[in-house]
Amino acid sequence: MKRKSNIIILTFIAAALFMSGCGYDKERYPGGVVKVYNWGEYIDEDVIAQFEEETGIHVIYDTYETNEEMFPIIEAGGVSYDALCPSDYMIEKMISKGMLTELNFDNIPNAQYIRADILQGSKAFDPENSYSVPYTFGTLGILYNTSVIGREINSWTDLWDESFKGEILMYNSVRDLFVAPLRILDYSINTTDEAQLREANQMLKEQKSLLQKYVMDQVKDAMISGSASIAMCYSGEVLTLQEENPNLKYVVPEEGSNYFIDSWVIPAGAENKENAEAWINFLNKPEIAYQNFEYITYATPNTGAIDLMDEETLNNPAVAPGPDILKRCEVFHYLGESGEKKYHQMWLELRSYDAGR
Amino acid sequence: MSKKALAGPYLVWMIGFTLIPLALVFYYGLTDASGAFTLENILAITSEERIGALWRSLKLSLFSTAACLLLAYPLAMILKGMSVSKNSFVVFVFILPMWMNFLLRTMAWQTLLDKNGVINSILGFFGLPGQNLINTQGAIVFGMVYNFLPFMVLPIYNALTKIGNDTIEAARDLGAGSLKTFTRIILPLSLPGIISGITMVFVPSLTTFVISDLLGGGMVLLIGNVIEQEFTFASNWNLGSGMSLVLMVFILISMAAFARYDKDGEGAAF
């Protein structure tokens with residue numbers, strides 16, 4: 001009998017724990033809540049606490065690793081988030097599907113700090129600048145270790161150099177991966193032409209045996225430790241990496257590249273739209289934007305934050321790419337379902353291509 | 001409170017975390033993006049790349065299962081021969097790594113096998129040339145064996161301990177030599193353990209995508225990676241579910257084949 005009652009008590013405790021996880025009652029968070037869905041490691045977590053303290057709004061914070069992972073979750077609508085931070089082409093896709101809502105800029109006065117040329121660039125995916133507030137931006141380039149690579153690197157073709165066999169890392173994500181061969185062939189990085197993609201994919205297949213591996217975040221560890229010496233890399237990682245290993249140098253290849261803008265948006269039907277706008281506004285306070293910049297080290301479009309930076313940081317091309325670099329870079333566009341499918345098929349072929357491992 | 005009511009939580013568990021998710025996989029696998037019925041997601045397995053990945057997965061998981069069996073059986077025999085106090089210590093040592101997260105252990109192997117990793121540093125110290133260990137099919141099989149070996153050892157050990165010494169002595173009394181005792185008595189009696197060990201190693205090896213990602217560096221595509229790719233990169237849950245259904249068929253076939261040898265579930269590990 002004793003044992004039985006113990007089991008019952010345990011069951012009740014488990015049930016109580018389970019239920020306390022569901023539902024956010026108004027009494028507990030009188031200031032309301034805001035459900036934020038952001039990239040992993042894409043904010044200084046102290047900022048969340050500061051926001052909660054200042055506004056009294058409770059933040060429910062989740063993260064994702066890729067735009068593609070985030071998209072179906074928003075589309076399925078099982079979880080309703082109030083603020084998201086997708087990249088350019090994904091914002092374009094979400095706008096085209098009517099999944100976003102226009103922002104009320106009266107609630108986001110700090111949007112005035114956003115760099116004008118970045119807003120101009122944003123028009124590629126958000127023509128009226130009405131759905132998004134840029135959060136970070138940067139370029140795709142080549143990172144290399146000057147102590148191993150004995151020459152100046154300035155072209156994507158250097159990633160096909162046989163003397164670097166086993167030292168090369170490429171991104172494990174299809175659109176980024178294709179930038180290199182498409183730019184070498186002088187095709188647009190947004191092409192959906194089957195023949196052009198085949199040609200690019202053939203180059204990538206030939207390159208596969210030269211690679212050490214396809215990576216995402218591990219590019220950092222590999223480049224710091226020196227287990228790889230030349231890698232495709234987004235500029236945002238560079239500052240942190242250079243602090244750990246001063247031999248690392250970053251370059252945007254002369255053929256041109258991708259430049260991305262990650263922006264805050266609010267999904268259509270968000271339950272706490274005003275809170276989400278307060279969140280976006282808070283992130284654009286100069287000192288908060290600077291605090292986040294220091295943590296994530298991706299270039300910030302916030303002029304208030306830029307004013308707080310020192311000379312050395314401002315002169316680093318990875319942190320603040322000038323107009324000359326941005327001029328030869330293109331933003332990714334949403335390619336439509338058929339376009340995405342083509343890239344996807346190419347990637348599947350590339351990944352299953354046997355490079356003798 | 002009746003006994004049936006006590007089963008309630010388990011029922012909720014099974015429905016909520018097994019049956020409903022499974023039904024969702026079936027639903028997504030058999031419909032297209034608009035929700036209409038289609039077999040396209042299942043038939044997609046016939047594309048050259050996907051069927052290639054499936055064969056590669058089958059091949060690698062067969063290798064790893066065979067390697068696990070070859071390593072585990074002698075170990076289980078040794079454990080059976082030891083006194084209880086000694087062998088429980090060995091079993092403990094064997095299970096100890098499982099207290100640590102499987103991902104972390106696999107990442108540790110990444111560091112060990114890396115080009116500038118521990119193993120190559122040791123080789124370099126003795127003036128030996130560095131080996132290209134990681135990002136190969138071999139590294140993936142190694143990772144599978146390392147991670148799943150305990151699942152082979154325990155059921156076999158369990159089955160072996162159930163064989164009474166009197167049975168073995170009887171065989172000896174009737175004139176059987178060591179070899180004959182092994183092939184005619186011990187091996188057949190431990191078969192349920194072997195079968196359940198094979199299932200417990202083969203199935204996770206077949207479906208893994210983490211090991212091939214971490215130790216294969218994205219250079220070797222397994223069927224698990226194909227499915228993962230559909231979910232995380234292509235946002236195509238329908239196709240991913242369709243592929244999962246195909247994989248499920250393979251798993252069910254292998255389990256059905258093995259189940260014939262293990263009617264009483266004697267080899268169950270835990």
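Let's start at A:Gly121, which sits in helix 5 of chain A. This is a predicted model, so read every position below as a computed one. A:Gly121 comes out as buried, because its relative accessibility is 14% and the cut-off for buried is under 20%. Its C-alpha atom is separated by 9.6 Å from that of A:Tyr259, a residue 138 positions away along the chain.

Move on from helix 5 and you come to the loop that leads to strand 5 (133-145) of chain A, where A:Asn129 lies. The backbone is worth a look here: phi of A:Asn129 is near 55 degrees, a positive value in a residue other than glycine. Most residues other than glycine have a negative phi. How covered is A:Asn129, buried or exposed? A:Asn129 is buried, since its relative accessible area is 15%.

Chain B has a case of its own. B:Asn135 is not a glycine, yet its phi is positive, at about 65 degrees. You'll find B:Asn135 in the loop between helix 7 (118-125) and helix 8 (137-161) of chain B. With a relative accessible area of 2%, B:Asn135 counts as buried.

Back to chain A, and to helix 2 (residues 45-55). Its buried residues are A:Val47, A:Ile48 and A:Phe51. Look down the axis of helix 2 of chain A and these buried residues fall within an arc of 105 degrees, so they line one face of the helix. On the other side of that helix, A:Glu45 and A:Glu53 are exposed.

Helix 6 of chain A (residues 174-184) is another story: it is mostly covered, with 10 of its 11 residues buried. Charged residues are on that buried list too, including A:Arg175, A:Asp176 and A:Arg183, alongside nonpolar ones such as A:Leu177, A:Phe178 and A:Val179. Just after helix 6 of chain A, A:Asp186 takes a positive phi of about 60 degrees. A:Asp186 also reaches back to the helix by way of its side chain: A:Arg183 forms a salt bridge with A:Asp186, and their closest N and O atoms are 3.4 Å apart. The two partners differ in cover, because A:Arg183 is buried at a relative accessible area of 15%, whereas A:Asp186 counts as exposed at 57%.

That brings us to salt bridges in general, of which the structure holds 17 over all chains. In one of them, the side chains of A:Asp158 and A:Arg151 meet at 3.0 Å, N to O. Here the acid is the buried partner: A:Asp158 has 7% relative accessibility, while A:Arg151, at 36%, counts as partly exposed.

Another pair is A:Arg198 and A:Glu349, whose closest N and O atoms are 3.2 Å apart in a salt bridge. This pair links distant parts of the chain, with A:Arg198 in helix 7 (residues 194-208) of chain A and A:Glu349 in helix 15 (residues 336-352) of chain A, 151 residues apart. A:Arg198 counts as partly exposed at 38% relative accessibility, and A:Glu349 counts as buried at 13%. The contact doesn't stand alone, either: A:Glu194, A:Arg198, A:Lys205 and A:Glu349 are linked in a network of salt bridges.

Now for the surface. On chain A, a negative surface patch is formed by A:Glu41, A:Glu65, A:Asp217 and A:Asp221. To place one of its members, go to the loop between strand 7 (211-215) and helix 8 (219-225) of chain A, where A:Asp217 sits. A:Asp217 counts as partly exposed, because its relative accessibility is 43%.

What about chain B as a whole? Chain B has 13 helices and zero strands. Its C-alpha atoms fill a box of roughly 70 × 70 × 40 Å along the principal axes, and buried residues make up 43% of its 270 residues.

The surface of chain B has a patch too, this one nonpolar. B:Leu11, B:Trp13, B:Met14, B:Ile15, B:Phe17, B:Leu19, B:Ile20 and B:Leu24 form the patch, with about 840 Å² of accessible area together. One of them, B:Ile20, is found in helix 2 (residues 8-29) of chain B. B:Ile20 has 45% relative accessibility, so it counts as partly exposed.

Terms used. Residues are numbered from 1 along each chain as its sequence is written. Chains are lettered from A and ligands numbered from 1 in the order in which they are written. This is a predicted model: local features need pLDDT of at least 70, side-chain atom pairs count only at pLDDT 80 or more; totals for chains, interfaces and linings use all residues. Side-chain values use heavy atoms; hydrogens and water are left out. Patches are made of residues with over 30% relative accessible area and no salt bridge: like charges are joined within 9 Å, nonpolar side chains (Val, Leu, Ile, Met, Phe, Trp, Tyr) within 5 Å. Accessible areas come from the Shrake-Rupley method with a 1.4 Å probe; for residues, only the protein chains shown count as cover. A salt bridge is a side-chain nitrogen of Lys or Arg within 4 Å of a carboxyl oxygen of Asp or Glu. Lys and Arg count as positive and Asp and Glu as negative; His and the chain ends are not counted. The place of a charge is taken as NZ of Lys, CZ of Arg, CG of Asp or CD of Glu. Helices (H or I, at least four residues) and strands (E, at least two) are DSSP runs, numbered from the N terminus. Buried means under 20% relative accessible area, exposed over 50%, partly exposed in between (1.4 Å probe, protein chains only). The arc is that of the directions from the helix axis to the C-beta atoms.
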